[in-house]
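Subject: A structure for you to explore

Hi there,

Here is the structure I promised to pass on to you. Have a look around in the viewer first, and then read on for what turned up in it.

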Amino acid sequence: MAENETLESITEHERILQEIESTDTACVGPTLRSVYDDQPNAHKRFMEKLDARIRNHDREIEKMCNFHHQGFVDAITELLKVRADAEKLMGQVTDTNQRLQEAGREVTAQTEEVIRCRLQQRNMATTVEKLQLCIPALEMYSKLKEQLESKRYYAALKTMEQLENVYIPRVSKYRFCQIMAETLPKLREEIKEISMSDLKDFLESIRKHSDKIGETAMRQAQQHRTFISAMQKQASLGCTKPLYSLNGRTPTQHNGLHREEGAEEEESEEQVLTAQDLVDFSPVYRCLHIYTVLGDRDSFENYYRKQRKKQARLVLQPQSNMHETVEGYRKYFNQIVGFFVVEDHILHATQGLVTRAFTDELWNMALSKIIAVLRTHSSYCSDPDLVLELKNMIVIFADTLQGYGFTVNRLFDLLFEIRDQYNETLLKKWALVFREIFEQDNYSPIPVETEEEYKSVISRFPFHEAEIEKQPFPKKLPMSQSVPQIYTQVKEFIYASLKFSESLHRSSTEIDDMLRKSTNLLLTRTLSGCLQNLIKKPHIGLTELVQIIINTTHLEQACRYLEDFITNITNVSPETIHTTRLYGLATFKDARHAAEGEIYTKLNQKIDEFIQLADYEWGMSESDGRASGYLMDLINFLRSTFQVFTHLPGKVAQTACMSACKHLASSLLQMLLDPDLKQISLGAIQQFNLDVIQCELFASSEPVPGFQGDTLQLAFIDLRQLLDLFMVWDWSTYLADYGQPTSKYLRVNPSTALALLEKMKDTSKKNNIFSQFRKNDRDKQKLIETVVKQLRSLVNGMSQHS
């Protein structure tokens with residue numbers, strides 16, 4: 001067994017040695033470790049084995065060296081021989097190499113230079129190629145900067161579009177292109193802000209220039225209207241040569257227009273300004289194009305329209321004192337016209353920024369506001385000249401805007417309202433004129449000393465009376481100075497009213513109707529009111545009232561001349577079916593009737609004043625034998641007054657006289673029947689009878705011609721029959737014939753007789769009036785008692801019957 005272990009150990013050592021010999025020395029460690037991992041003392045045996053192997057290899061090496069030693073010596077000997085030749089060859093090679101290096105150094109340098117040049121050339125070609133791609137982009141960017149500096153923003157946006165779509169994509173890998181690409185959106189926003197700022201400046205500019213633009217447009221419309229009017233007038237006159245040619249030039253003519261005037265007209269036409277001359281519209285065009293390019297046109301349109309609506313509201317807001325001056329209205333109209341002229345220009349110069357629907361909506365809104373403003377402020381105007389100026393401005397305003405395509409029918413409808421206001425102001429003005437004329441009138445016939453004075457009067461008033469024309473100078477015309485003045489002022493009113501009707505685009509028939517209606521208002525309201533007030537004034541006496549009646553008569557006769565006057569103005573025949581008639585006849589008739597009534601009233605008042613002076617002694621025993629003094633004064637007054645009435649129409653004078661006599665009779669009767677008067681004596685009745693006799697004598701003297709028979713005396717018939725009844729004491733006849741048409745005392749009322757009889761009965765009891773009948777005193781008293789009873793029965797019967 002020991003032998004087997006020794007044999008295995010030897011075999012293992014042999015394997016290890018073979019592995020060591022064949023293995024790389026770096027991997028020997030694990031092999032050697034296996035030697036120490038075996039049996040104890042195995043490494044000693046391995047060392048022994050290793051030594052034996054080394055000795056064995058040494059013997060082999062020695063054998064090999066011995067075998068090759070002679071050849072090695074021979075080789076060394078041969079090598080030593082070659083050494084000298086090798087050194088010689090080395091020297092030659094080194095020398096040749098040096099000469100070659102010297103000879104190739106310049107070629108090498110030139111070759112390197114060529115290589116470097118070719119490298120540079122290639123780099124340059126590459127650079128040029130790249131620059132050719134970059135330069136257009138840089139040039140476009142430079143162009144963009146120049147356009148921005150010169151404020152050519154629309155062109156700048158087009159340049160940006162080309163940069164983004166064409167040039168930058170070609171060189172997008174370069175950093176500067178990336179920077180440019182990042183800058184372009186910022187530049188767009190900057191352009192957008194700048195253009196919006198320019199638009200705001202434009203909006204502010206047109207707000208400031210609207211007044212001037214409107215003034216220019218309205219002046220052109222006025223010139224056009226003047227031109228058309230001149231052409232129509234020329235056509236109506238049948239001129240062969242035109243006053244104006246179509247281009248506005250005035251040719252040299254011999255029809256009253258001088259060469260200098262033509263030159264001035266031509267110069268004024270050449271200096272006509274338009275909205276474009278006053279306002280630079282390029283900002284709004286620019287901004288529109290910019291927003292269109294940026295794809296934000298809708299927001300721009302909305303912003304523009306919103307701002308213009310705001311400006312429209314500001315323009316339409318008038319000053320609070322606009323109605324005080326013409327300039328206030330003119331500035332208001334100029335601003336509105338300027339606003340819509342600008343909008344019309346924008347409408348036609350741009351495509352879609354504003355539409356016709358938008359401008360129509362804006363105009364309708366403005367028109368409603370304008371009408372409300374004008375209706376309010378015109379109502380404050382009390383000066384007809386200012387209202388007329390307002391009308392003319394409204395007409396020019398309407399014509400101007402109509403020329404730009406805006407509907408203005410409502411403005412002309414408004415003019416009809418303002419026409420009524422104008423007529424009201426005219427009526428107020430003419431009321432003052434009429435009052436002043438009436439106040440300054442002396443209410444006496446117009447004296448004319450010469451033919452010239454007479455012609456001067458009839459040139460102002462259509463007066464034709466053959467009898468007066470035949471009278472020698474000096475002479476007097478029946479009317480007072482106010483009549484021609486009133487007639488002249490009525491014609492002036494018609495002219496003033498006509499001024500408002502001009503340029504209203506109405507037919508002659510409508511204008512004729514307007515004139516007649518306004519003239520009717522003047523006559524029936526203003527003049528009639530002034531006459532009525534004049535008649536009612538306390539200081540107007542009977543003489544003045546008589547003259548007023550004469551004046552109204554002549555004014556009434558002159559109404560047909562006013563009709564002809566209006567017809568000549570309007571060329572509308574008065575026979576036209578719809579022609580309005582003047583109401584002057586009724587006006588002057590009413591005034592005359594009022595004056596007549598006032599005459600009656602004042603006569604009665606004067607009679608009452610005289611009656612109040614009466615101082616009867618109602619208890620007197622017998623009369624004085626003559627009429628009372630107050631009554632004689634009253635009759636003298638009536639005689640002198642009725643002499644003044646000779647110029648009045650006969651019926652008026654007769655009515656006044658009859659009214660005065662009736663009022664006098666009534667007043668005298670009331671004096672007898674006065675409830676405060678308790679007793680009346682027979683003597684008082686006799687005295688009263690004397691006064692009534694004077695009244696009857698006055699009535700029979702025909703103080704006013706034209707009465708038939710004793711018509712005027714009939715005013716005192718009631719009083720006469722009553723006094724006769726008491727003077728004669730004919731009660732039996734009165735009571736027997738009462739109620740009969742043939743009764744002698746038909747006009748004596750039982751109640752009147754009863755009241756007077758009771759006053760006399762009381763007197764007889766107290767004062768013993770019937771002393772001369774003392775023997776028959778009882779019978780007389782019984783008779784009075786009987787008459788009183790019968791009269792009372794008659795009065796009671798009348799009351800029951802009624």
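Before we get to pockets, one definition will help: Ala, Val, Leu, Ile, Met, Phe, Trp, Tyr, Cys and Pro count as nonpolar, Asp, Glu, Lys and Arg count as charged, and the others, with Gly among them, count as polar. With that in hand, take the second largest pocket, where the lining residues divide into 4 nonpolar, 7 polar and 2 charged. Please keep in mind throughout that this is a predicted model.

**The second largest pocket**

This pocket has a volume of about 400 Å³. Its lining is made up of 13 residues, and Leu498, Glu502, Ser508, Ile511 and Ile569 are the ones that lie nearest the centre. Which helices should you look for around it? At least two lining residues each come from helix H16 (482-501), helix H17 (508-536) and helix H19 (559-570).

**The chain as a whole**

Now zoom out. The protein chain contains 27 helices and 2 strands. Of its 802 residues, 39% count as buried. If you take the contacts between residues at least 6 apart in sequence, 76% of them join residues at least 24 apart.

**The largest cavity**

A general idea is useful here: rolling a probe the size of a water molecule over the atoms shows where empty space is left. In this structure there are 3 cavities of 30 Å³ or more. The largest cavity holds about 60 Å³ of space. Around the largest cavity you will find Phe438, Tyr443, Ser482, Val483, Ile486, Leu531, Leu534, Ile548, Asn551, Thr552 and Leu555. H16, H17 and helix H18 (542-557) are the elements that give two or more residues to this lining. H18 provides the largest share, with 4 residues. By class, the lining of the largest cavity has 8 nonpolar residues, 3 polar ones and no charged ones.

**Tyr443, a residue to click on**

Tyr443 is one of the residues lining the largest cavity. You can find Tyr443 in the loop between H13 and strand S1 (446-448). Is Tyr443 buried or exposed? Its relative accessibility is 9%, so Tyr443 counts as buried. Its backbone is worth a look too. Most residues other than glycine have a negative phi, and most peptide bonds are trans. Tyr443, although not a glycine, has a positive phi of about 50°.

**Two more backbone details**

Glu702 also has a positive phi, of about 55°, and is not a glycine either. Glu702 sits in the loop between helix H23 (682-700) and helix H24 (717-728). With a relative accessibility of 42%, Glu702 counts as partly exposed.

The other detail is a peptide bond: the one from Phe473 to Pro474 is cis, with omega near -5°. Pro474 belongs to the loop between helix H15 (466-470) and strand S2 (475-477).

**Two helices side by side**

Two packed helices are described by the angle between their axes and the distance between the axes. Helix H11 (residues 356-378) packs with helix H13 (residues 409-440) at an angle of about 5°, and their axes are 11 Å apart. Angles under 35 degrees count as roughly parallel, and H11 and H13 are therefore roughly parallel to each other. On the H11 side, the residues that meet H13 include Trp363, Leu367, Ile371 and Arg375. On the H13 side, Arg410, Leu414, Glu417 and Gln421 are among those that meet H11. The contact of H11 with H13 has 8 nonpolar, 4 polar and 3 charged residues.

**Two buried residues**

Gln147 lies in helix H3 (residues 42-149). Gln147 is buried, with a relative accessible area of 2%. If you leave aside its neighbours within four places in sequence, Gln147 is in contact with Arg152, Ala155, Ala156 and Thr159.

Leu157 is part of helix H4 (residues 153-170), and at 1% relative accessibility Leu157 counts as buried. What does Leu157 touch, not counting residues up to four places away in sequence? The list is Arg188, Ile191, Ile290, Val293 and Leu294. Try locating Leu187 as well: Leu157 and Leu187 are 30 residues apart in sequence and 9.0 Å apart in space, C-alpha to C-alpha.

Enjoy exploring, and send me any questions you have.

Best wishes

How values were computed: Residues numbered from 1 in each chain as written. Predicted model: local features only at pLDDT ≥ 70, side-chain atom pairs only at ≥ 80, totals over all residues. Heavy atoms only, no water. Axes fitted to C-alpha atoms, helices over the stretch in contact; angles between N-to-C directions. Parallel < 35°, antiparallel > 145°, perpendicular 65-115°, else oblique. Contact = heavy atoms within 4.5 Å. 1 Å grid on protein atoms, 1.4 Å probe; cavity = no way out; pocket = protein on both sides within 12 Å on 5 of 7 lines; lining within 4 Å. Points joined across faces, edges and corners; volume = space filled by probe spheres on them. Buried < 20%, exposed > 50% of the residue type's maximum accessible area, 1.4 Å probe, protein only.
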